[in-house]
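I opened the notebook today to go through one model, helix packing to begin with and single residues after that. The entries below record what I looked up, in the order in which I looked.

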Amino acid sequence: QQADATRLPFDDATFDLVACQFGVMFFPDRPAAFAEACRVLTPGGRVLVNTWAPLDTHVFQSALVTALERVFPDDPPTFMAAVPHGYADPDVVVADLRAGGLRGASITTVTLDGTAASAADFAAGYCAGTPLRAEIAARGDLATATATVADEMTALLGDGPVTGAMTA
């Protein structure tokens, strides 16, 4: 069910688990969202969230940012660093959880290898299928910029299937 994380449409103490898969970095008021998660939890319930680690721990998204900086040297899009990787400090996350009334936080860092059929496919997905699209379109022709970003990413990561570490 789609819902505003800061105003969940559920009764108090309804759930044993509240999970958010790579979404908390988009919340406009994280402590308020965590307070709502706390409100809908049963006593002893748990919250499970994950966020991306710093940008330099993610091979594909680091290459994407480098490619964007090359394609738009005077005004590169900032979405990747500011949003997906902008909530990467565990101390800030724990402080927000506590501000929302949640206690006993534990942090586990996980690094896995991701794969893509090609760097160009990865670039196309990010340039056209994420909020990055609006930043690119605001700077000119989306199709041309996406093709250029794909070329830059291919130069960085190579032709064919690509594999890279991703840390959360």
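**Helix packing**

I began with a pair of helices and noted that α1 and α4 are oblique to each other, because angles under 35 degrees count as roughly parallel, over 145 as roughly antiparallel, 65 to 115 as roughly perpendicular and the rest as oblique. Helix α1 covers residues 30-40 and helix α4 residues 90-99, and the two pack at an angle of about 55 degrees with their axes 7 Å apart; the axes are lines fitted to C-alpha atoms, for helices over the stretch in contact, and the angles run from 0 to 180 degrees between N-to-C directions. The crossing of α1 past α4 is right-handed, a term used if the near helix is turned clockwise from the far one by less than a right angle, whereas an anticlockwise turn makes a crossing left-handed.

I then listed the residues that meet: Arg30, Pro31 and Phe34 on the α1 side, and Asp96, Leu97 and Ala99 on the α4 side, where contact means heavy atoms within 4.5 Å. Sorted by class, this contact holds 4 nonpolar residues, 2 charged ones and no polar ones (Ala, Val, Leu, Ile, Met, Phe, Trp, Tyr, Cys and Pro count as nonpolar, Asp, Glu, Lys and Arg as charged, and the others, Gly among them, as polar).

**What kind of model this is**

I note for the record that this is a predicted model, in which local features need pLDDT of at least 70 and side-chain atom pairs count only at pLDDT 80 or more, while totals for chains, interfaces and linings use all residues. Residues are numbered from 1 along each chain as its sequence is written, and side-chain values use heavy atoms, with hydrogens and water left out.

**The whole chain**

I looked up the secondary structure and found 7 helices and 4 strands, both being DSSP runs numbered from the N terminus (helices H or I, at least four residues; strands E, at least two). Read from the N terminus, the order of elements is β-α-β-α-α-α-β-α-α-α-β. The C-alpha atoms fill a box of roughly 50 × 30 × 25 Å along the principal axes. Of the 168 residues, 36% count as buried, where buried means under 20% relative accessible area, exposed over 50% and partly exposed in between, with a 1.4 Å probe and protein chains only. I also noted that, among contacts between residues at least 6 apart in sequence, 81% join residues at least 24 apart.

**Aromatic rings**

A search of the whole structure gave me 5 aromatic pairs; rings of Phe, Tyr and Trp (its six-membered ring) pair if their centres lie within 6.5 Å, and planes under 30 degrees apart count as stacked, over 60 as edge-to-face and the rest as tilted. Phenylalanine 22 and tryptophan 52 make a stacked pair, 4.2 Å centre to centre with 20 degrees between the planes. These two residues are 30 apart in the chain, phenylalanine 22 in the loop between β1 (15-21) and α1, and tryptophan 52 in the loop between β2 (41-50) and α2 (59-71). Phenylalanine 22 is partly exposed at 23% relative accessible area, whereas tryptophan 52, at 15%, counts as buried. I also found Phe60, Phe122 and Tyr126 linked into a cluster by ring pairs.

**Backbone and single residues**

Which sign does phi of phenylalanine 22 have? I read a positive value near 55 degrees, in a residue other than glycine. Alanine 13, which is not a glycine, has a positive phi of about 50 degrees; alanine 13 lies in the segment before β1 and is partly exposed at 40%.

Serine 118 sits in the loop between β3 (111-116) and α5 (119-129) and is buried at 16%. Not counting residues up to four places away in sequence, serine 118 touches Gly160, Pro161 and Val162.

Glycine 158, in the loop between α7 (142-157) and β4 (162-167), is partly exposed at 25%. With the same neighbours left out, glycine 158 touches Ala119 and Met153, and its C-alpha lies 7.2 Å from that of alanine 119, 39 residues apart in sequence.

I closed with glycine 164 in strand β4, which is buried at 5%. Beyond its neighbours within four places in sequence, glycine 164 is in contact with Val59, Phe60, Leu112, Asp113 and Gly114.
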